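Hi,

Here is the structure I said I'd pass on. Have a look at it first, and my notes on what turned up are underneath.

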Amino acid sequence: MGGGKGGIGKSLIAANLGIQLARQGRKVVLVDADLGGANLHTCLGLDIPRLSLSDFIERRVQRIEDVVIPAGVPGLGLISGAMDHLDAANPKYAQKMRLMRHILTLDVDYAILDLGAGTHLNVLDFFLVSDHGVLVLVPEPTAVENVYRFVKAAFWRRVRNVVAVYGFEEVLRSVMGDRGFHSPVEVIQALRVQHPEAGATLEQELLSFRPALVVNQARTPQDSELGHAVVAAWKKYFGLGMDYLGCIDYDEAMWRTVRARKPLLLERPTSPAARSFEAVAARLVALDEQRGDREVPR
Ligand SMILES: Nc1ncnc2c1ncn2[C@@H]1O[C@H](COP(=O)(O)OP(=O)(O)OP(=O)(O)O)[C@@H](O)[C@H]1O
Ligand SMILES: [Mg+2]
């Protein structure tokens, strides 16, 4: 759950999507990966948990299971964010990857990571290891700019990682030279000419970069359309796919329930925003079933 911008609803969407999926019988763990500003517990109406991600990062506990606390809904757990150690706000790459490896061993159907704002490498790396990196967008020009900036930064970080893994740094550097490439398609075409193997590898790896998108705080039908427009623009200018999961209505129940420290889906289950979560969760589950790349419980 990322998007580059602060205060757009990433944490609330993570919390309520988690509740929705758990209610549908999925096993879900919410991970507060906003390393500088953990507040997912508040979105769930929980007090500051005694155990958190920092206990795992600092190896005070060995097993990731030990920092999962019940989140108030059957089937839903929370790994609360690091709060006490400033060091934990800036873990090394190896620590992040260890964390992700352990999260993947959890016996859950979905691990939902709430990311911080901005395009810091900590945020991008968590976004990139997800099955569905979900971009959150509010219908405002500044947020649209930020979401493009974020997804491009994530994409080029992915290119760098892939190129490093395969040892194609030199050939990429010589192809890029000082020519200003704008789209991955252009880079891959140029790479194919100079080094067919590198071009084919990069193309294959990058086709799997397929973020998802949620438009939050939709007030008009045009706001929902914005999601389709962003997907179309990404395809046109970047040549890559993106899945639109749908929009969440702007709903005063959303901020009222935050102020009351109660999750929207538990407190106001028939509100318009709560209904939107049903549709977004259904779309996410359908995507997984289509992809067939994981076991989906019935
Ligand atoms: N659909 C919505 N309808 C009405 N208000 C909303 C909606 N979504 C979010 N908000 C408001 O936006 C605020 C910020 O939401 P949230 O904390 O989830 O954002 P965030 O992106 O996680 O922020 P940060 O980057 O600071 O972590 C909420 O407290 C709520 O008041
Ligand atoms: Mg947040």
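Before the overall size, one definition: the radius of gyration used here is taken over C-alpha atoms, and the rule for a globule is 2.2 Å times the number of residues to the power 0.38. For 298 residues that rule puts a compact globule near 19 Å, and the chain itself has 19 Å, so the two agree. Please keep in mind that this is a predicted model.

A few more whole-chain numbers. Along the principal axes, the C-alpha atoms fill a box of roughly 60 × 50 × 35 Å. Of the 298 residues, 43% count as buried. If you take the contacts between residues at least 6 apart in sequence, 72% of them join residues at least 24 apart. The secondary structure comes to 13 helices and seven strands.

Now the sheets, starting with the four-stranded one. A quick reminder: strands of a sheet pair through backbone hydrogen bonds, in either a parallel or an antiparallel way. This sheet is open, runs in the order E2-E3-E1-E4 and has mixed pairing. Strand E2 (68–70) and strand E4 (110–115) are at its edges with a single partner strand each, so one side of each has no neighbour in the sheet. From one strand to the next, the twist averages 30 degrees.

Strand E1 (residues 28–33) pairs with E4 in the parallel sense, over six bridges. If you want to find the pairing on screen, look for Val29 opposite Ala111 in E4, and for Asp32, whose bridge partner in E4 is Asp114.

So is E4, as an edge strand, buried or exposed? Six of its six residues are buried, so E4 is largely enclosed by the rest of the structure. Tyr110, Ile112 and Asp114 point one way from the strand, while Ala111, Leu113 and Leu115 point the other way, and all of them are buried. In other words, the Asp114 that bridges to Asp32 is itself a buried residue.

The other sheet is also open, with three strands in the order E5-E6-E7 and parallel pairing. Its edge strands are E5 (134–137) and E7 (243–249), which pair on one side only. Neighbouring strands here are turned by 20 degrees against each other on average, ignoring direction. Helix H13 (residues 272–291) packs on this sheet and touches E6 and E7, with its direction at about 170 degrees to that of E7.

E6 and E7 are joined in the parallel sense by five bridges. Val214 has Gly246 in E7 as its bridge partner, and Ala218 stands opposite Asp249, also in E7. E7 is mostly covered, with six of its seven residues buried.

Next, the ligand. Which residues are closest to ligand 1? They are Gly6, Gly9, Lys10, Ser11 and Trp255, out of 19 residues that surround it. Three elements each supply at least two residues of the shell: helix H1 (10–23), strand E6 (212–218) and helix H11 (252–259). E6 is thus part of the shell around ligand 1 and also the strand between E5 and E7 in the sheet. By type, the shell divides into nine nonpolar, seven polar and three charged residues.

Finally, two valines in helices that you can click on. Val171 lies in helix H7 (residues 169–176) and is partly exposed, with 18 other C-beta atoms within 10 Å; a residue needs 20 or more to count as buried. Leaving out residues up to four places away in sequence, Val171 touches Leu191, Gln194, His195 and Ala198. Pro184 is 13 residues from Val171 in sequence and 15 Å from it in space, C-alpha to C-alpha.

Val231 lies in helix H10 (residues 221–238). With 17 C-beta neighbours inside 10 Å, Val231 counts as partly exposed too. Its contacts, again not counting residues up to four places away in sequence, are Leu213, Met242 and Tyr244. Val231 and Pro139 are 92 residues apart along the chain, and their C-alpha atoms are separated by 14 Å.

Cheers

Technical notes:
Residues are numbered from 1 along each chain as its sequence is written. Chains are lettered from A and ligands numbered from 1 in the order in which they are written. This is a predicted model: local features need pLDDT of at least 70, side-chain atom pairs count only at pLDDT 80 or more; totals for chains, interfaces and linings use all residues. A residue is near a molecule or strand if its C-beta atom, placed from the backbone, lies within 6 Å of it. Ala, Val, Leu, Ile, Met, Phe, Trp, Tyr, Cys and Pro count as nonpolar, Asp, Glu, Lys and Arg as charged, and the others, Gly among them, as polar. Two strands pair if DSSP finds at least two bridges between them. Axes are lines fitted to C-alpha atoms, for helices over the stretch in contact, and angles run from 0 to 180 degrees between N-to-C directions. Two residues are in contact if their C-beta atoms, placed from the backbone, lie within 7 Å. A residue is buried if 20 or more other C-beta atoms lie within 10 Å of its own, exposed if 12 or fewer, and partly exposed in between; C-beta atoms are placed from the backbone.
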